[in-house]
Amino acid sequence: MNLRFLQVTALFFALAPISKGFAQSITALKTEYLVNPIGLDNPNPRFTWQMNDASQGAKQTAYRVLVDTDSASLIKAEAKLWNTGWIASEKNLIVYSGQSLKPFTKYYWRVDIVDGNKKKSDKIRIASFETGMMKMENWQGAWISDNENTKLKPAPYFRNTFTTTKKIRSARAYITAAGLYELSINGKKIGNHRMDPMYTRFDRRTLYVTYDVTNAISKGKNAIGVLLGNGWYNHQSTAVWDFDRAPWRNRPTFCLDVRITYEDGTTATIKSGKEWKTALSPIIFNSIYTAEHYDARLEKVGWNTPNFNDTDWKNVIYRSAPSKNIVAQAMHPIRNVEEIASKSLRKFNDTTYLFDLGRNISGVSKITVSGPAGTVIKLKHGERLYTNGHVDISNIDAHYRPTDNTDPFQTDILILNGKGAQSFMPHFNYKGFQYVEVSSSTPIQLKKEDLVGCFMHSDVPVVGDVKSSEPIINKIYYATNNSYLSNLFGYPTDCPQREKNGWTGDAQIAIETGLYGFDGITIYEKWLADHRDEQQPNGVLPSIIPTDGWGYEWGNGPDWTSTIAIIPWNVYLFYGDKKLLADCYENIRKYVNHIDETYPTGLTTWGLGDWIPVKSKSPVELTSTCYYYADVLILAKAAKILGKNDDYEKYIALAKKIKDAFNSKYLNKEKGIYASGVQTEMSVPLYWKIVPEESIALVAENLAKRVEADGFHLDVGLLGTKAILNALSENGYSNIAYKVAAQKSYPSWGWWMENGATTLYENWPIDAKSDISMNHIMFGEIGAWLYKSPGGIKPDEKQPGFKHVILDPHIVEGLDSFEASHIGPYGKITSAWKKVDNGIRYDITIPANSTATINLPLTRDMVNYVNGKINNIGKIDLAAGKYVIEHKARK
């Protein structure tokens, strides 16, 4: 009898006399961070849950997970596939390690927990997940297309019919495409996703999506329709990044299996193949980069219905698969998340109108209009206006290189069919815009209600919120989130109009802002897989990911492509999940080794530097070496976490070498000044903690003096904005940091808000002649800083995933109250404070099964009361629960 058996047996008997009806329960059951997902490929999926218990000190002391294909068995606490048994643990993230999972199978899982009072969760909680293909050889369909002409502009339709005679238990559609698709069955679009599948390096990895189509299929004759768009696969627009010359480029193609399971247990697969038919659609041009053109006169009514006459349609052709790696798209999809009514309409004349949404968004417009057949409607989308009121796109078409005038930038073209009012919304394009100028070849009548904006982005759940007594801070937070979401399309982008590129530098700056506000782990895990696809054998990464090959020679380096280390590390901190660190470990190591081999002194000049500074330019070597140091430190920590002790020792030594070389060259220890002492040069070393311990206080003091000398205004570029507020707040100068954050005059975030911004800009002067997209996320660190400094919510790397919460709220001059909340893996954390007549009141919530340490001020003649009891200690440990903490005069 082994020790493990004795431990489990003892625990079982200890838990046996459990009373029913206790208030605590389990919530937020997820598989692979998704709720009841279908179409997973991971043979060892992750299960997560939360303990729902508001009582003080609530914690989980044990758990049991059961997995079976029969949910009824789980209700009886029986499981054939996996039964962990009772495990004494506070963990709420475990990895499946039961019997091998089979493809196309629905599994149910149950979790039970025990609290600190040895009481079981009161209700049975069962979740499900479903496997997909799991292996490439399970695909039955063929890759088909209409031709291989990359220059052919109209988008193709595909259709096929099939007949069912038996009662259907379930049906799933598995579809993958090189390009973009919309799937329909019996005339109705399947699902509410947009822009599937997500963009990858098509010749190295292609994604497939699974849909539940049980209710879409009827007994008897059925029709399947597929509409294909170009996406990034067949880039027909020409711009400086040469996507029109991508090595994978071809006419779009797709592969489809519809797997039907009948009530009698038999199965049938309807698959793409030579029996399918194809014809050109009314979408006469589509470019993900520019716009979409639609000729309603070419509509084929009922093209995707069973009885449509397709005798004049052409036969399809076989195509080779774009890659040998077709994998499940297990992530939050892109959707039309919000519909925005036009705020105003200006009529110039009978053929020209201007719609204003009142805010800048990513997405598309949807117009309803009627007119004579052949009327050409142009919808020009932009972010700003000329003085005469017409749309000005000169700030966002700078890198477009059109070869003719047939593909105007961000301008949809609709040709009416004359059959009454019709609605148009692009299928395979999105834009960045606030204004839509509608011009017509013949007079038309439009009302304000005739055009709406559809805010499109990856539909990641909101997990954070910030509320402040200062309106400018609230506006900045709102604008930051708008820009973050506007740049999330299955990968983080820089801007939704001019580029749509996955710039690595922008993403590493915004990673904490994103994770505090949104549950984005599925997006980042996908994007880091893109990194692994794009990395050269020597470790080099491109500056935009995915890429057609552009970016290996410009814009990359430790400051930008540190995403390979910084993003997995932050996901680990926020989720307590080391999978992404493990998946990327060798990639981080190769990247660090390449820099070490290329720059053996420990100092590196490789990088783009402090991009778009206000005025002062800092040495690239200074900023890039700080990022190099950060990467090496992350690599060393990852090595320790993953049990690679030899690597840990090696890279800790390398980090010390870099730190010593950096400070030897750039730090004047006597004066406490780095380089020439401008904001970026002082704040970046402080933020990345490369400053010697004995010099931190003096360097921080000099940074504060520098900011004061600059009138509490910014004098930084991209890398400096990541560091400046944090370097001040973390070193005793949160009041100065807040003055900078809440500044309303140029240059500042508030200056943009004062001038009507609803998103963040690309450049500090609003009248800049270049680099002036009005929806960029690259200056978005301020969103995370609001959580970290006035909110004071930080993860603890010793107990990541907010298992232990570090609370260090900074009470600053100029704010009367502040509240930040974040839903982490254990539940909702709230940190709120307000100034009251006799001091400060804090309202704190720590979720069940986690703990916190709060740092409170210690002031003469003032005392701290925790839930009414004196606790005059500067650092207080808190169990789960709600707390009212008062810092006030002694009673």
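Which residues does the UniProt annotation "domain: Alpha-L-rhamnosidase C-terminal" cover?

**Figure 1. The annotated C-terminal domain in the predicted model.** According to the UniProt annotation, which comes from an unreviewed entry, "domain: Alpha-L-rhamnosidase C-terminal" covers residues 792-861. In this predicted model, the span is 54% strand and 0% helix. A distance of 24 Å separates the end C-alpha atoms of residues 792-861.

**Figure 2. The largest nonpolar core.** This core holds 202 residues. Those that touch the most other members are Ile367, Val438, Leu725, Trp749, Trp752 and Ile844. The most is given to this core by helix α9 (residues 620-641), which supplies twelve residues. A second core, separate from this one, has 28 residues, among them Ala173, Ile190, Val226 and Val258. In soluble globular proteins, nonpolar side chains tend to be buried together.

**Figure 3. Surroundings of Leu725.** With residues up to four places away in sequence not counted, Leu725 touches Ala737, Val740 and Ala741. Leu725 also touches Trp749, Ile782 and Trp785.

**Figure 4. Helix α14 and the helices around its buried residues.** Helix α14 (residues 734-741) is mostly covered, with six of its eight residues buried. The buried residues are Ser734, Ile736, Ala737, Tyr738, Val740 and Ala741. They pack against α3 (471-486), α12 (696-709) and α13 (718-729). They also pack against α15 (749-754) and α16 (781-788).

**Figure 5. Ile175 and its contacts.** Ile175 belongs to strand β10 (residues 168-178). Ile175 counts as buried because its relative accessibility is 0%, and the cut-off for buried is under 20%. Apart from neighbours within four places in sequence, Ile175 is in contact with Trp139, Tyr181, Leu183, Leu207, Tyr208, Val209 and Tyr211. Its other contacts are Val226, Phe254, Cys255 and Leu256. Between Ile175 and Val209, the C-alpha to C-alpha distance is 5.6 Å, with the two residues 34 apart in sequence.

**Figure 6. The open sheet β1-β2-β5.** Three strands make up this sheet, and the pairing is antiparallel. Strands β1 (25-31) and β5 (93-95) are the edge strands, each pairing on one side only. From one strand to the next, the twist averages 25°. Strand β2 (residues 46-52) is joined to β1 by five bridges, and the two run antiparallel. Opposite Ile26 stands Met51 in β2. Strands of a sheet pair through backbone hydrogen bonds, either parallel or antiparallel.

Key. Residues are numbered from 1 along each chain as its sequence is written. This is a predicted model: local features need pLDDT of at least 70, side-chain atom pairs count only at pLDDT 80 or more; totals for chains, interfaces and linings use all residues. Side-chain values use heavy atoms; hydrogens and water are left out. A nonpolar core is a set of buried Ala, Val, Leu, Ile, Met, Phe, Trp, Tyr and Cys residues joined through side-chain atoms within 4.5 Å. Buried means under 20% relative accessible area, exposed over 50%, partly exposed in between (1.4 Å probe, protein chains only). Helices (H or I, at least four residues) and strands (E, at least two) are DSSP runs, numbered from the N terminus. Contact means heavy atoms within 4.5 Å. UniProt positions are given in the numbering used here, feature names are shortened, and annotations may be inferred rather than shown by experiment. Two strands pair if DSSP finds at least two bridges between them. Axes are lines fitted to C-alpha atoms, for helices over the stretch in contact, and angles run from 0 to 180 degrees between N-to-C directions.
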